Amino acid sequence: MSGDHPISDERAIANLVFGLAEAIDDADLDRVEELFGDATFTLAGREPRVGGAAFRRVIEQGMRFHDGSPRTLHVVSNLVVEVGGDRTVASSRSVVSVLQAVPPAFGLQVVMAGRYHDRFVRDPSGEWRFAERMMFVDLVGDTSFHSTTRFDPK
């Protein structure tokens with residue numbers, strides 16, 4: 001719900017997808033952990049990580065920070081949301097392009113592009129929550145300022 005105006009299931013789920021990207025770009029790891037809750041995260045076929053705290057550790061250990069910021073913009077597009085008939089489960093697919101700039105050494109560029117496959121559940125209070133995120137890395141640019149992890153596209 002947003003004030004006195006209810007929002008659709010699709011909009012609530014889109015807000016979660018976009019909100020998680022924003023929290024990562026803002027280096028708001030408390031919010032990342034909260035938004036991800038007890039969901040499972042799998043990156044490019046690696047071992048799944050369960051829970052917001054584990055997802056936070058993936059970011060803390062794998063992403064490079066520059067003066068406290070990843071200096072990224074996760075652009076999420078082509079979002080398709082499908083809500084189950086009973087409105088208790090849903091899924092989405094989207095495309096993510098990760099832009100980064102670390103002046104003066106690293107000019108603005110796309111460092112990675114891929115896809116998110118997400119699943120959601122409605123909690124007992126009626127709010128949507130992440131249940132699972134699978135991230136597929138399709139294209140990799142220069143990630144030397146972005147990540148401590150090597151990404152091999154599929």
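Student: Let's start with Glu-132: does this residue count as buried or exposed?

Tutor: Good place to begin, and keep in mind that we are looking at a predicted model. The relative accessibility of Glu-132 is 19%. The cut-off for burial is under 20%, so with its 19% Glu-132 counts as buried.

Student: Which residue forms a salt bridge with Glu-132?

Tutor: A partner has to bring a side-chain nitrogen of Lys or Arg within 4 Å of a carboxyl oxygen. Here the closest N and O atoms are 2.7 Å apart. The partner lies in strand β5 while Glu-132 lies in strand β6, so the pair ties together parts that are 13 residues apart in sequence. At 42% relative accessibility the partner counts as partly exposed, and the residue that forms this salt bridge with Glu-132 is Arg-119.

Student: Over how many bridges do strands β5 and β6 pair?

Tutor: Strand β5 covers residues 106-122 and strand β6 covers residues 128-140. One bridge joins Val-121 to Arg-129 in β6, and Arg-115 stands opposite Phe-136. The sense of the pairing is antiparallel, and the number of bridges is 11.

Student: Which residue in the turn of the β5 and β6 hairpin has a positive phi?

Tutor: This hairpin has 5 residues between its strands. One residue in that turn has a phi of about 95°, and that residue is Gly-126.

Student: How many bridges join β4 to β5?

Tutor: β4 and β5 form a hairpin too, with 3 residues between them. Among the pairings, Ala-90 has Phe-120 as its bridge partner in β5. The two strands run antiparallel, and the count of bridges joining them is 13.

Student: Which are the edge strands of the sheet?

Tutor: The open sheet has 6 strands in the order β2-β1-β6-β5-β4-β3, with mixed pairing. An edge strand here pairs on one side only. That description fits residues 49-50 and residues 72-83, which are β2 and β3.

Student: At about what angle does helix α1 run to β3?

Tutor: Helix α1 spans residues 9-25. The helix lies across β3, β4, β5 and β6. Its angle to β3 is about 160°.

Student: How do α1 and α2 lie to one another, roughly parallel or roughly antiparallel?

Tutor: The axes of α1 and helix α2 (residues 29-36) are 8 Å apart, and the helices pack at an angle of about 155°. Because angles over 145 degrees fall in one class, α1 and α2 are roughly antiparallel.

Student: Is the crossing of α1 and α2 left-handed or right-handed?

Tutor: The contact involves Leu-16, Gly-19, Leu-20, Glu-22, Ala-23 and Ile-24 in α1. On the α2 side are Arg-31, Val-32, Leu-35 and Phe-36. The crossing of these two helices is left-handed.

Student: How far apart are the closest N and O atoms of Arg-31 and Glu-22?

Tutor: Both residues take part in the meeting of α1 and α2. Arg-31 is partly exposed, with a relative accessible area of 29%, and Glu-22 is partly exposed as well, at 44%. They form a salt bridge, and the closest N and O atoms are apart by 3.2 Å.

Student: Which residue forms a salt bridge with Arg-56 at 3.0 Å?

Tutor: Both partners lie in helix α3 (residues 52-62), 4 residues apart, about one turn of the helix. An α-helix has 3.6 residues a turn, so residues three or four places apart point the same way. Arg-56 is among the buried residues of α3. Its partner is partly exposed, with a relative accessible area of 39%, and that partner is Glu-60.

Student: Which residues are linked with Arg-56 in a network of salt bridges?

Tutor: We have just met one member, Glu-60, which forms a salt bridge with Arg-56. With the rest included, the residues linked with Arg-56 are Asp-30, Glu-33 and Glu-60.

Student: What is the relative accessible area of Phe-55?

Tutor: Phe-55 lies in helix α3, whose buried residues pack against α1, α2, β1 and β2. Beyond its neighbours within four places in sequence, Phe-55 is in contact with Leu-20, Ile-24, Val-32, Phe-36 and Phe-41. Phe-55 is buried, and its relative accessible area is 4%.

Student: How far apart in space are Phe-55 and Phe-41?

Tutor: These two are in contact, although they are 14 residues apart in sequence. Taken C-alpha to C-alpha, their separation in space is 6.7 Å.

Key
Residues numbered from 1 in each chain as written. Predicted model: local features only at pLDDT ≥ 70, side-chain atom pairs only at ≥ 80, totals over all residues. Heavy atoms only, no water. Pairing = 2+ DSSP bridges. Contact = heavy atoms within 4.5 Å. Axes fitted to C-alpha atoms, helices over the stretch in contact; angles between N-to-C directions. Buried < 20%, exposed > 50% of the residue type's maximum accessible area, 1.4 Å probe, protein only. Parallel < 35°, antiparallel > 145°, perpendicular 65-115°, else oblique. Left-handed = near helix turned anticlockwise from the far one by under 90°.
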